[in-house]
Amino acid sequence: MTRDVLEPTVRRYVLATAAVAAIGTLWCVVYLRTGAGPEAIGYLFVPVGGALATLSVLGLTRDQAGHDPVARRFWRTIMVAVGIIAFGYAWLAVDMAAHADEVRTRSMPAPAAAFAVAGFLIAIWALARVPVAAARGAERWRMTLDRMIAFLGCAAVLWYLGLAPMLSAREPWSPQATVLVGLGFLVAVGAATKVSYIAGGPVDRVAMRFVAAAGGVPAAVCAVLAVQFGFLASVPAQAVVLPLAPLAITLGVAAQHRADRGLRPPPARVGVLLPYLAMVLVDVPLVAVALGAPLRRPVRVVLIAAVVVTALVMVRQYLAYRENARLLRTARFQEEQLQYEVSHDGLTGLANRALFRDRLTNALAAEEPATVLLIDLDDFKAVNDLLGHGVGDRLLVSVALLLHTEVGGRGLPARVGGDEFAVVLSGRDTDPERLAESLLTALSHPISEHRLLVQASIGIATAAPGATVDTVLRDADVAMYTAKQQGKADFVRYVEGMGEPVLAHMQLGTELRRALDNDEFRVVYQPIVRLDDKRVIGVEALVRWHHPTRGTVGPGEFIPAAERTGLIVPLGRYVLRETCRQAAAWLDEFGPGALKEAGLNVSARQLHDPDFVAEVTSALADSGLPCERLVLEVTESAVLRGQQVSRALYELDRMGIRLALDDFGTGESSLSLLRAFPAAIVKLDKSFVDGIEIDDGHPAAADARQAVARAVIQLAHAFGLDTVAEGIECQEQVTALRELGYTLGQGFHLAQPMPAAGVARLLAHQQSMAPLH
């Protein structure tokens, strides 16, 4: 049976049971008016409707073969219950037909009643097995108490208004009928209670309401008829009222069908009003007694139920009080935790920038003397690059602990940035210089579990009258930046006028961005020549800034700002591509013998860029310059900046690009670098060329001035490296260097940096002079 066929089938069952109920009603009206026909006919409508309802549930269970087993189990049990009840009432119909002359006074046979009772008990068992909303702990106890309150309250009212009047009626019904009415009430109360605590499970809530109606509505009407009309009510009860139960069952089947097809109504709040409604209902008989109703046995049962309900309500309220108290404690804790998280740094536990600004604002509003210490860790990026961010984070935690210990109760320490901390001191008894000294002293010893040395630059600013939070922080930032410019690992107190040069340096970064966008940078080239015949064999690319108002700006002024702002990366990319393009143009114009190589400086920031090697590859491919004609110059400090730099350098070396160690001899690890670094060229720093030509008549002094230059050339020869002497400013230095074994050099004496056109003229001149040699 498919879904397409089953839906019309369910509709037919609903129409059929409705037709049975309608025919029963019509027959009852005709019979009561005319008295025509045997009275036993009225007992046929219940078993016929029950059989149809059983078939409708059977069809539903077959359709649920692939659905949730809980729903299928429930409806199978309901099918058995309805079938057994229908069989019991069929037995009653046969018995009434056999004893047609005793119909009005004859009771339901015991076997028929037993079948009907068994069916009702099975239905109650099916309802009891339906799972309710999942709950734990106090919520589970609260739900259990609510269900007990609701069940007892509703049952007490049905007893008072339904069963008790049947027992004391003028013509009391048989015990069998009374028991069945009572079981019908239990089905109704049980189903109603279950529905109130189902939050949208496999058994549809609307379908369960129809099951409740199948038990409760006929039972309630039969109870009223029994009290009002006695034995005369048996005909309308059998022909009109009881057939409504099968109709309600088929309507429940239809509702479950709709739910299985995804047409389930949205879940509503469950179990909220039912306990309160039950409390009100259980008080109805008490109100009746208060208004003069006799205090009989049924009322006493209700009184006992009311006492039990009241006790359960007290227990429930106590549990609710405990649960509310727990929720209130939890809410307060969560609020405090949230407030802490909002105002404190998650890594170090110190106050964050928001709390720091709030404390400084309060100090300024109170017109108290307020001083800010801004603390920035020097070269902290190297820790992250070389040792990893995990080690860096633990170092920050150790610095925060040290800061908290040194500050104590004198102020509020905070973490206001990545590696930037701050302290706000308020009151007249503070000594910020002494605190700064103690912080620097504490940082002079290894800290954290990795025993690392870290230094810091500290800026101190005291709020002037009328100062704002932003002005105090700006002054402290200027003082801290000044401390870094003066050599780091120190503290500086802000004084009036200190911010002007710092501000100018900061503004330089903004101008650099604009200069890159407006193409204000130019590449010039300083020739590298042979010292014996002054022939140009290579060039070093240098960048110049043609400022629209300031004219040409030297690299010593803007390169540090470019490094600090990160603009050195796009600037270096421009120099790289321009150098490759120009070197390839010279190669096409003058041939492979005119210029051996073209070099340019590469910063550590560029080497840290994961895309740097790809950018070099792209520049070479776009220009057509062979890899072996490109020289990349790096400083010793850049080589020591971590694994990313090392990987990039070795990858460039494998490509055939020549690497040069610039400013060689000025670092602390120069000798070890020659073994660890894939260098092809060593460039002797200008500081070792200055004064190398001086001859003051003291051979020992002259040897001392030439010692480094002599050692570098010997090491280079030992490792098979080329050498270039930088910063040559006179012919005497050329002579001295040649005597030491140097063959290549660069400097203002040999050739100053010049545009590409100037290099082209030199190459053209060399090419024209070639036949003379």
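These questions and answers cover one helix packing and some salt bridges in a predicted model.

The model is predicted, so local features need pLDDT of at least 70, side-chain atom pairs count only at pLDDT 80 or more, and totals for chains, interfaces and linings use all residues. Residues are numbered from 1 along each chain as its sequence is written, and side-chain values use heavy atoms, with hydrogens and water left out.

Visitor: Is the packing of H15 and H16 oblique or roughly parallel?
Guide: Helices here are DSSP runs of H or I, at least four residues, and strands are runs of E, at least two. Helix H15 (residues 389-407) and helix H16 (residues 432-443) pack at about 140°, on a scale from 0 to 180 degrees between N-to-C directions of axes fitted to C-alpha atoms. Under 35 degrees is roughly parallel, over 145 roughly antiparallel, 65 to 115 roughly perpendicular, and the rest oblique. So H15 to H16 is oblique.

Visitor: Which residue forms a salt bridge with Arg493?
Guide: A salt bridge needs a side-chain nitrogen of Lys or Arg within 4 Å of a carboxyl oxygen of Asp or Glu. Here the closest N and O atoms are 2.4 Å apart. Arg493 lies in strand S5 (residues 491-493) and its partner in helix H16, so the pair ties together parts 60 residues apart in sequence. The partner is Glu433.

Visitor: Is Asp622 buried or exposed?
Guide: Asp622 forms a salt bridge with Arg577. Buried means under 20% relative accessible area, exposed over 50%, and partly exposed in between (1.4 Å probe, protein chains only). At 57% relative accessibility, Asp622 is exposed.
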